[in-house]
Amino acid sequence: KLLREFFESFFQLPKNQWYGFLTDTLSMKEIVYAMWSMFIKAPWTVKRGLMIMRGRELRMLLRIIFPNI
């Protein structure tokens, strides 16, 4: 159900945004704007699913912040 709700939210974006994202033709600024717009309009279940930690995220974040450790 969560995956279906996610894709419903994603494809409610204007076509140029979801198409541009899928074809890798958006700038970073456009991607951030599109994903933020989707996040704001998405139902709470989708927001929660995107924000919940699954166990690897903290380690990945630390590797990005401290790449030499």
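In what follows, Ala, Val, Leu, Ile, Met, Phe, Trp, Tyr, Cys and Pro count as nonpolar, Asp, Glu, Lys and Arg as charged, and the others, Gly among them, as polar. The model is predicted, so local features need pLDDT of at least 70 and side-chain atom pairs count only at pLDDT 80 or more, while totals for chains, interfaces and linings use all residues. Residues are numbered from 1 along each chain as its sequence is written, and side-chain values use heavy atoms, with hydrogens and water left out.

A helpful place to begin is helix 1 (residues 2-10); helices here are DSSP runs of H or I with at least four residues, numbered from the N terminus. Glu5, Ser9 and Phe10 of this helix are buried, where buried means under 20% relative accessible area and exposed over 50%, found with a 1.4 Å probe on protein chains only. These residues share one side of helix 1 because they cover an arc of only 135° around the axis, taken from the directions from the helix axis to the C-beta atoms. Leu3 and Arg4, on the other side, are exposed.

Next comes the empty space inside. The largest cavity (on a 1 Å grid over the protein atoms alone, a set of points where a 1.4 Å probe fits but cannot get out) is lined by Ser9, Gln12, Leu13, Ser37, Met38 and Lys41; lining residues have an atom within 4 Å of a point. This lining divides into two nonpolar, three polar and one charged residue, and helix 3 (residues 28-41) gives the largest share, three residues.

Gln12 sits in the loop between helix 1 and helix 2 and, at 65% relative accessibility, counts as exposed.

Definitions and conventions: 1 Å grid on protein atoms, 1.4 Å probe; cavity = no way out; pocket = protein on both sides within 12 Å on 5 of 7 lines; lining within 4 Å. Helix = DSSP H or I, 4+ residues; strand = E, 2+ residues; numbered from the N terminus.
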